[in-house]
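User: I would like to learn how to read a model like this one step by step. Could you take me through it, giving the general idea before each case?

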Amino acid sequence: MAVYTDVSDGELQSFLESYGMGRLISFKGIAEGVENSNFLVETEKGRFILTLYEKRVSAADLPYFLGLMEHLADKGLPCPLPVHDLEGKALRELAGRPAALITFLDGISARRPSTAQCAALGDVLGRLHKAGADFQMRRENSLGPDGWAQLFEAVKMEANGIIPDLADELEDELDALSGKWPEDLPEGVIHADLFPDNVLFLDSKVSGLIDFYFACNDQLAYDVVICLNAWCFEPDVSFNVTKSRALLEAYQAVRPLSAAEREALPILARGAALRFLLTRTYDWLNRDAGALVQPKKPDEYLRKLRFHRQVRSASDYGLDES
Ligand SMILES: Nc1ncnc2c1ncn2[C@@H]1O[C@H](COP(=O)(O)OP(=O)(O)O)[C@@H](O)[C@H]1O
Ligand SMILES: N[C@@H](CCOP(=O)(O)O)C(=O)O
(Lines give C-alpha, C1' and ligand atoms only; values in the text may rest on other atoms or scores of the structure.)
(Ligands and ions follow the chains in the order given, each with its own letter.)
Protein backbone atom coordinates (compact mmCIF):
# COMPACT_ATOMS: atom_id res chain seq x y z
CA MET A 1 0.00 0.00 0.00
CA ALA A 2 1.38 3.36 -0.86
CA VAL A 3 0.82 5.54 2.16
CA TYR A 4 3.93 7.39 3.29
CA THR A 5 2.19 10.22 5.15
CA ASP A 6 -0.61 9.80 7.66
CA VAL A 7 -3.46 12.29 7.75
CA SER A 8 -5.25 12.96 11.04
CA ASP A 9 -9.05 13.24 11.20
CA GLY A 10 -8.83 16.92 12.13
CA GLU A 11 -6.46 17.75 9.25
CA LEU A 12 -8.68 15.91 6.78
CA GLN A 13 -11.85 17.60 8.03
CA SER A 14 -10.49 21.11 7.65
CA PHE A 15 -8.91 20.23 4.27
CA LEU A 16 -12.27 19.06 2.92
CA GLU A 17 -14.03 22.11 4.33
CA SER A 18 -11.86 24.30 2.09
CA TYR A 19 -13.48 22.56 -0.89
CA GLY A 20 -17.01 22.69 0.51
CA MET A 21 -17.15 18.92 0.25
CA GLY A 22 -19.86 18.40 2.86
CA ARG A 23 -20.03 15.42 5.22
CA LEU A 24 -17.25 12.82 5.05
CA ILE A 25 -18.65 9.32 4.41
CA SER A 26 -15.48 7.23 4.16
CA PHE A 27 -11.72 7.61 3.95
CA LYS A 28 -9.15 4.89 3.30
CA GLY A 29 -5.59 4.41 2.09
CA ILE A 30 -5.24 2.88 -1.39
CA ALA A 31 -3.46 -0.44 -1.81
CA GLU A 32 -1.83 0.29 -5.18
CA GLY A 33 0.87 2.70 -6.34
CA VAL A 34 4.42 3.30 -5.19
CA GLU A 35 5.21 6.97 -5.67
CA ASN A 36 2.72 9.05 -3.68
CA SER A 37 0.28 8.64 -0.77
CA ASN A 38 -3.22 8.05 -2.14
CA PHE A 39 -6.55 7.89 -0.34
CA LEU A 40 -10.07 7.19 -1.50
CA VAL A 41 -12.35 9.88 -0.06
CA GLU A 42 -16.12 9.72 -0.20
CA THR A 43 -18.22 12.71 0.82
CA GLU A 44 -21.77 13.86 0.20
CA LYS A 45 -20.46 15.31 -3.08
CA GLY A 46 -19.10 12.03 -4.47
CA ARG A 47 -15.92 9.96 -4.61
CA PHE A 48 -12.46 11.49 -5.00
CA ILE A 49 -8.80 10.55 -4.88
CA LEU A 50 -6.72 12.52 -2.41
CA THR A 51 -3.01 12.51 -3.29
CA LEU A 52 -0.19 13.73 -1.08
CA TYR A 53 2.88 14.20 -3.27
CA GLU A 54 6.02 12.51 -2.01
CA LYS A 55 9.75 12.19 -2.70
CA ARG A 56 10.01 12.13 -6.51
CA VAL A 57 7.46 14.80 -7.26
CA SER A 58 8.62 18.40 -7.16
CA ALA A 59 5.94 20.85 -6.00
CA ALA A 60 7.00 23.22 -8.80
CA ASP A 61 5.89 20.61 -11.37
CA LEU A 62 2.39 20.12 -9.97
CA PRO A 63 0.72 22.90 -12.00
CA TYR A 64 2.01 21.13 -15.15
CA PHE A 65 0.57 17.74 -14.11
CA LEU A 66 -2.78 19.11 -12.95
CA GLY A 67 -3.05 21.48 -15.93
CA LEU A 68 -2.30 18.60 -18.30
CA MET A 69 -5.06 16.44 -16.84
CA GLU A 70 -7.52 19.30 -17.35
CA HIS A 71 -6.26 19.91 -20.89
CA LEU A 72 -6.55 16.26 -21.92
CA ALA A 73 -9.95 15.81 -20.27
CA ASP A 74 -11.12 18.88 -22.17
CA LYS A 75 -10.06 17.13 -25.39
CA GLY A 76 -12.13 14.06 -24.54
CA LEU A 77 -9.45 11.84 -22.98
CA PRO A 78 -10.68 9.95 -19.89
CA CYS A 79 -8.43 11.73 -17.36
CA PRO A 80 -9.31 12.73 -13.79
CA LEU A 81 -10.19 16.37 -13.19
CA PRO A 82 -8.46 18.24 -10.38
CA VAL A 83 -11.06 19.66 -7.99
CA HIS A 84 -10.77 23.38 -7.23
CA ASP A 85 -11.26 24.64 -3.68
CA LEU A 86 -13.58 27.49 -2.71
CA GLU A 87 -10.83 29.98 -3.61
CA GLY A 88 -10.31 28.35 -7.02
CA LYS A 89 -7.04 26.58 -6.17
CA ALA A 90 -6.37 23.00 -7.36
CA LEU A 91 -3.28 22.60 -5.20
CA ARG A 92 -3.20 22.84 -1.41
CA GLU A 93 -1.13 21.51 1.46
CA LEU A 94 -2.03 18.69 3.84
CA ALA A 95 0.03 17.07 6.60
CA GLY A 96 3.04 19.06 5.44
CA ARG A 97 2.87 17.78 1.85
CA PRO A 98 1.55 19.34 -1.37
CA ALA A 99 -1.89 17.77 -1.90
CA ALA A 100 -4.67 17.66 -4.48
CA LEU A 101 -8.10 16.18 -4.81
CA ILE A 102 -9.02 14.66 -8.20
CA THR A 103 -12.17 13.02 -9.49
CA PHE A 104 -12.53 9.26 -9.09
CA LEU A 105 -12.80 7.27 -12.33
CA ASP A 106 -14.56 3.92 -12.58
CA GLY A 107 -12.79 0.95 -14.12
CA ILE A 108 -10.35 -1.86 -13.46
CA SER A 109 -6.72 -2.11 -14.54
CA ALA A 110 -5.62 -5.18 -16.51
CA ARG A 111 -3.45 -7.54 -14.46
CA ARG A 112 -2.46 -9.40 -17.59
CA PRO A 113 -3.36 -7.27 -20.62
CA SER A 114 -4.99 -9.08 -23.54
CA THR A 115 -4.11 -8.38 -27.18
CA ALA A 116 -7.34 -6.38 -27.48
CA GLN A 117 -6.37 -4.29 -24.44
CA CYS A 118 -2.91 -3.66 -25.95
CA ALA A 119 -4.66 -2.39 -29.08
CA ALA A 120 -6.95 -0.16 -26.99
CA LEU A 121 -3.87 1.20 -25.24
CA GLY A 122 -2.14 1.95 -28.58
CA ASP A 123 -5.20 3.88 -29.73
CA VAL A 124 -5.53 5.96 -26.55
CA LEU A 125 -1.77 6.66 -26.46
CA GLY A 126 -1.95 8.01 -30.03
CA ARG A 127 -4.90 10.18 -29.03
CA LEU A 128 -3.05 11.42 -25.94
CA HIS A 129 -0.07 12.44 -28.08
CA LYS A 130 -2.32 14.31 -30.50
CA ALA A 131 -4.33 15.99 -27.75
CA GLY A 132 -1.15 17.14 -26.00
CA ALA A 133 0.11 18.96 -29.09
CA ASP A 134 -1.34 22.33 -28.07
CA PHE A 135 -0.70 22.09 -24.32
CA GLN A 136 1.15 25.31 -23.55
CA MET A 137 3.19 24.37 -20.48
CA ARG A 138 6.53 22.60 -20.70
CA ARG A 139 8.39 20.20 -18.42
CA GLU A 140 11.73 18.55 -19.17
CA ASN A 141 12.02 14.82 -18.55
CA SER A 142 13.89 14.59 -15.25
CA LEU A 143 14.32 10.85 -15.87
CA GLY A 144 15.96 11.17 -19.29
CA PRO A 145 19.61 10.20 -19.98
CA ASP A 146 21.05 12.80 -17.54
CA GLY A 147 18.73 11.51 -14.82
CA TRP A 148 19.82 7.90 -15.51
CA ALA A 149 23.47 8.85 -14.95
CA GLN A 150 22.58 10.44 -11.59
CA LEU A 151 20.59 7.38 -10.54
CA PHE A 152 23.47 5.14 -11.53
CA GLU A 153 25.85 7.16 -9.32
CA ALA A 154 23.40 6.73 -6.44
CA VAL A 155 23.08 2.93 -6.79
CA LYS A 156 26.39 1.71 -8.18
CA MET A 157 28.04 0.78 -4.85
CA GLU A 158 25.13 -1.39 -3.69
CA ALA A 159 23.48 -2.64 -6.90
CA ASN A 160 25.40 -5.92 -6.95
CA GLY A 161 23.81 -6.81 -3.63
CA ILE A 162 20.48 -7.11 -5.44
CA ILE A 163 21.63 -8.89 -8.63
CA PRO A 164 25.24 -10.10 -9.18
CA ASP A 165 27.15 -7.82 -11.61
CA LEU A 166 24.21 -5.45 -11.95
CA ALA A 167 26.43 -2.36 -11.53
CA ASP A 168 28.65 -3.39 -14.47
CA GLU A 169 25.64 -4.15 -16.64
CA LEU A 170 24.08 -0.76 -15.83
CA GLU A 171 27.32 1.04 -16.59
CA ASP A 172 27.83 -0.84 -19.88
CA GLU A 173 24.32 0.06 -20.97
CA LEU A 174 24.73 3.74 -20.07
CA ASP A 175 27.95 3.78 -22.12
CA ALA A 176 26.31 1.96 -25.03
CA LEU A 177 23.39 4.37 -25.19
CA SER A 178 25.38 7.57 -24.81
CA GLY A 179 26.09 8.90 -28.28
CA LYS A 180 23.39 6.70 -29.82
CA TRP A 181 20.40 8.29 -28.09
CA PRO A 182 18.20 9.96 -30.72
CA GLU A 183 17.71 13.72 -30.27
CA ASP A 184 15.67 14.81 -33.26
CA LEU A 185 12.52 12.68 -33.28
CA PRO A 186 9.08 14.33 -33.05
CA GLU A 187 8.46 15.64 -29.54
CA GLY A 188 5.38 16.46 -27.50
CA VAL A 189 3.68 15.69 -24.22
CA ILE A 190 4.30 12.13 -23.05
CA HIS A 191 2.73 10.31 -20.09
CA ALA A 192 6.01 8.46 -19.44
CA ASP A 193 4.52 5.88 -17.02
CA LEU A 194 1.49 4.46 -18.83
CA PHE A 195 1.75 1.00 -17.26
CA PRO A 196 -1.27 -1.29 -17.03
CA ASP A 197 -1.90 -0.14 -13.44
CA ASN A 198 -2.38 3.40 -14.73
CA VAL A 199 -5.06 2.53 -17.30
CA LEU A 200 -8.61 1.63 -16.27
CA PHE A 201 -10.98 -0.43 -18.41
CA LEU A 202 -14.73 -0.78 -18.29
CA ASP A 203 -15.71 -3.77 -20.41
CA SER A 204 -13.27 -3.50 -23.31
CA LYS A 205 -13.07 0.31 -23.34
CA VAL A 206 -10.46 2.51 -21.71
CA SER A 207 -12.34 4.38 -18.97
CA GLY A 208 -9.44 6.08 -17.22
CA LEU A 209 -5.87 7.27 -17.65
CA ILE A 210 -4.30 8.14 -14.32
CA ASP A 211 -1.01 8.97 -12.62
CA PHE A 212 0.37 11.83 -14.73
CA TYR A 213 3.18 12.54 -12.28
CA PHE A 214 6.02 11.63 -14.65
CA ALA A 215 4.45 13.40 -17.66
CA CYS A 216 6.82 15.70 -19.53
CA ASN A 217 7.86 16.91 -22.98
CA ASP A 218 10.00 14.34 -24.73
CA GLN A 219 10.21 12.25 -27.89
CA LEU A 220 6.80 10.71 -28.55
CA ALA A 221 8.21 7.38 -29.68
CA TYR A 222 9.86 7.01 -26.27
CA ASP A 223 6.37 6.87 -24.72
CA VAL A 224 5.46 4.13 -27.22
CA VAL A 225 8.35 1.90 -26.13
CA ILE A 226 7.65 2.51 -22.44
CA CYS A 227 4.26 0.97 -23.23
CA LEU A 228 5.73 -1.90 -25.28
CA ASN A 229 7.83 -2.79 -22.24
CA ALA A 230 4.98 -2.53 -19.79
CA TRP A 231 2.21 -4.17 -21.86
CA CYS A 232 3.76 -6.68 -24.27
CA PHE A 233 5.84 -8.99 -22.08
CA GLU A 234 4.30 -12.04 -20.46
CA PRO A 235 4.72 -12.79 -16.74
CA ASP A 236 7.72 -15.02 -17.61
CA VAL A 237 9.25 -11.95 -19.34
CA SER A 238 8.93 -13.43 -22.83
CA PHE A 239 8.08 -10.82 -25.47
CA ASN A 240 4.64 -11.23 -27.08
CA VAL A 241 4.99 -9.94 -30.63
CA THR A 242 1.25 -10.33 -31.28
CA LYS A 243 0.48 -7.86 -28.49
CA SER A 244 3.23 -5.54 -29.66
CA ARG A 245 1.94 -5.58 -33.25
CA ALA A 246 -1.60 -4.86 -32.01
CA LEU A 247 -0.40 -1.94 -29.87
CA LEU A 248 1.72 -0.44 -32.65
CA GLU A 249 -0.91 -0.86 -35.36
CA ALA A 250 -3.57 0.82 -33.22
CA TYR A 251 -1.16 3.65 -32.33
CA GLN A 252 -0.23 4.15 -35.97
CA ALA A 253 -3.86 4.27 -37.02
CA VAL A 254 -3.99 7.51 -34.99
CA ARG A 255 -0.41 8.76 -35.37
CA PRO A 256 1.83 6.98 -37.90
CA LEU A 257 5.48 6.61 -36.85
CA SER A 258 8.05 8.20 -39.18
CA ALA A 259 10.82 6.07 -40.72
CA ALA A 260 13.30 7.63 -38.25
CA GLU A 261 11.08 6.77 -35.30
CA ARG A 262 10.68 3.16 -36.46
CA GLU A 263 14.40 2.79 -36.89
CA ALA A 264 15.02 4.22 -33.42
CA LEU A 265 12.60 1.89 -31.61
CA PRO A 266 15.19 -0.70 -30.45
CA ILE A 267 17.49 1.96 -28.93
CA LEU A 268 14.55 3.80 -27.37
CA ALA A 269 13.26 0.52 -25.91
CA ARG A 270 16.65 -0.13 -24.31
CA GLY A 271 16.60 3.36 -22.79
CA ALA A 272 13.07 2.85 -21.51
CA ALA A 273 14.03 -0.49 -19.92
CA LEU A 274 17.14 1.07 -18.37
CA ARG A 275 15.10 3.96 -16.91
CA PHE A 276 12.74 1.62 -15.01
CA LEU A 277 15.57 -0.72 -14.06
CA LEU A 278 17.38 2.23 -12.48
CA THR A 279 14.40 3.64 -10.58
CA ARG A 280 13.41 0.18 -9.34
CA THR A 281 17.00 -0.46 -8.23
CA TYR A 282 17.11 2.90 -6.45
CA ASP A 283 13.75 2.30 -4.77
CA TRP A 284 14.76 -1.23 -3.75
CA LEU A 285 17.89 0.12 -2.06
CA ASN A 286 16.03 3.00 -0.42
CA ARG A 287 13.00 1.21 0.96
CA ASP A 288 11.11 3.15 3.59
CA ALA A 289 10.49 0.71 6.44
CA GLY A 290 7.81 2.94 7.96
CA ALA A 291 5.73 3.28 4.76
CA LEU A 292 3.00 0.99 3.53
CA VAL A 293 4.42 0.26 0.09
CA GLN A 294 5.50 -2.76 -1.93
CA PRO A 295 8.58 -1.81 -3.99
CA LYS A 296 8.88 -3.44 -7.42
CA LYS A 297 11.68 -5.93 -8.10
CA PRO A 298 14.30 -4.68 -10.58
CA ASP A 299 15.17 -8.01 -12.26
CA GLU A 300 12.11 -7.95 -14.57
CA TYR A 301 13.46 -4.83 -16.26
CA LEU A 302 16.98 -6.24 -16.53
CA ARG A 303 15.53 -9.14 -18.52
CA LYS A 304 13.55 -6.76 -20.74
CA LEU A 305 16.71 -4.74 -21.37
CA ARG A 306 18.59 -7.90 -22.37
CA PHE A 307 15.78 -8.76 -24.80
CA HIS A 308 16.01 -5.37 -26.55
CA ARG A 309 19.78 -5.66 -26.83
CA GLN A 310 19.39 -8.55 -29.22
CA VAL A 311 16.62 -6.91 -31.30
CA ARG A 312 17.91 -5.98 -34.77
CA SER A 313 15.08 -3.88 -36.21
CA ALA A 314 11.53 -2.69 -35.61
CA SER A 315 10.25 -5.77 -37.46
CA ASP A 316 11.12 -7.73 -34.29
CA TYR A 317 8.35 -5.71 -32.64
CA GLY A 318 5.85 -6.75 -35.30
CA LEU A 319 6.17 -3.75 -37.62
CA ASP A 320 6.30 -4.47 -41.34
CA GLU A 321 9.61 -3.64 -43.06
CA SER A 322 9.20 -0.53 -45.19
N1 LIG B 1 -8.67 9.19 -10.52
C2 LIG B 1 -8.66 7.94 -10.06
N3 LIG B 1 -9.78 7.20 -10.12
C4 LIG B 1 -9.80 5.94 -9.61
N5 LIG B 1 -8.75 5.35 -8.99
C6 LIG B 1 -7.60 6.05 -8.90
C7 LIG B 1 -7.49 7.36 -9.43
N8 LIG B 1 -6.24 7.81 -9.18
C9 LIG B 1 -5.62 6.83 -8.52
N10 LIG B 1 -6.44 5.76 -8.35
C11 LIG B 1 -6.11 4.51 -7.64
O12 LIG B 1 -4.99 4.76 -6.83
C13 LIG B 1 -3.91 3.90 -7.20
C14 LIG B 1 -2.60 4.63 -7.04
O15 LIG B 1 -2.62 5.79 -7.86
P16 LIG B 1 -1.34 6.25 -8.67
O17 LIG B 1 -1.61 7.62 -9.17
O18 LIG B 1 -0.94 5.21 -9.65
O19 LIG B 1 -0.28 6.31 -7.50
P20 LIG B 1 1.28 6.49 -7.52
O21 LIG B 1 1.55 7.82 -8.17
O22 LIG B 1 1.64 6.42 -6.09
O23 LIG B 1 1.84 5.34 -8.30
C24 LIG B 1 -4.21 3.46 -8.61
O25 LIG B 1 -3.63 2.22 -8.91
C26 LIG B 1 -5.74 3.38 -8.58
O27 LIG B 1 -6.15 2.18 -7.96
N1 LIG C 1 5.57 2.21 -13.09
C2 LIG C 1 6.79 2.22 -12.33
C3 LIG C 1 6.61 2.62 -10.91
C4 LIG C 1 5.77 3.85 -10.71
O5 LIG C 1 4.63 3.41 -10.03
P6 LIG C 1 3.16 3.78 -10.49
O7 LIG C 1 2.32 3.07 -9.51
O8 LIG C 1 3.18 5.27 -10.39
O9 LIG C 1 2.98 3.28 -11.90
C10 LIG C 1 7.43 0.82 -12.34
O11 LIG C 1 6.71 -0.13 -12.64
O12 LIG C 1 8.62 0.71 -12.04
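**Domains, ligands and a helix pair**

Analyst: A sensible start is to ask how the chain is divided, and here the division is into domain 1 (9-103) and domain 2 (115-317). Please keep in mind throughout that this is a predicted model.

User: How many residues does the contact take from domain 1 and from domain 2?

Analyst: The general idea comes before the case: the size of an interface is often given as the accessible area lost when the parts come together. For this structure I can describe the contact by its residues instead. The centres of domain 1 and domain 2, taken over C-alpha atoms, are separated by 26 Å, and the contact takes 19 residues from domain 1 and 22 residues from domain 2. On the side of domain 1 that touches domain 2, helix α2 (residues 62-74) supplies the largest share, with 7 residues, and that side divides into 11 nonpolar, 4 polar and 4 charged residues.

User: Why does ligand 1 lie between the domains?

Analyst: The way to read this is to ask which domains give residues to the shell. Both domain 1 (9-103) and domain 2 (115-317) give residues to the shell around ligand 1, so ligand 1 lies between them. That shell holds 19 residues, the closest being Glu32, Gly33, Glu35, Pro80 and Asp211, and by class it has 10 nonpolar, 5 polar and 4 charged residues.

User: Which residues are around ligand 2, and how do they divide by class?

Analyst: The list can be read in the same way. Around ligand 2 are Gly33, Val34, Glu35, Asp193, Phe195, Asp197, Asn198, Asp211, Phe276, Thr279, Arg280 and Lys296, which divide into 3 nonpolar, 3 polar and 6 charged. At least three residues of this shell are drawn from each of domain 1 (9-103) and domain 2 (115-317).

User: At what angle do helix α4 and helix α8 pack?

Analyst: A helix pair is read from its angle, its axis distance and its contact residues. Helix α4 (residues 145-155) and helix α8 (residues 259-285) pack at about 35°, their axes being 10 Å apart, and α4 passes α8 in a left-handed crossing. From α4 the contact uses Trp148, Leu151, Phe152, Ala154 and Val155, while α8 brings Leu274, Arg275, Leu278, Thr279, Thr281, Tyr282 and Leu285. By class, this contact has 9 nonpolar, 2 polar and 1 charged residues.

User: Which residues does UniProt list for the domain "Aminoglycoside phosphotransferase"?

Analyst: An unreviewed UniProt entry lists residues 27-257 under that name. Over residues 27-257 the chain is 34% helix and 19% strand, with the end C-alpha atoms 44 Å apart.

Notes. Residues are numbered from 1 along each chain as its sequence is written. Chains are lettered from A and ligands numbered from 1 in the order in which they are written. This is a predicted model: local features need pLDDT of at least 70, side-chain atom pairs count only at pLDDT 80 or more; totals for chains, interfaces and linings use all residues. A residue is near a molecule or strand if its C-beta atom, placed from the backbone, lies within 6 Å of it. Ala, Val, Leu, Ile, Met, Phe, Trp, Tyr, Cys and Pro count as nonpolar, Asp, Glu, Lys and Arg as charged, and the others, Gly among them, as polar. Domain bounds come from an automatic or database domain assignment. Axes are lines fitted to C-alpha atoms, for helices over the stretch in contact, and angles run from 0 to 180 degrees between N-to-C directions. Helices (H or I, at least four residues) and strands (E, at least two) are DSSP runs, numbered from the N terminus. A crossing is left-handed if the near helix is turned anticlockwise from the far one by less than a right angle, and right-handed if clockwise. Two residues are in contact if their C-beta atoms, placed from the backbone, lie within 7 Å. UniProt positions are given in the numbering used here, feature names are shortened, and annotations may be inferred rather than shown by experiment.
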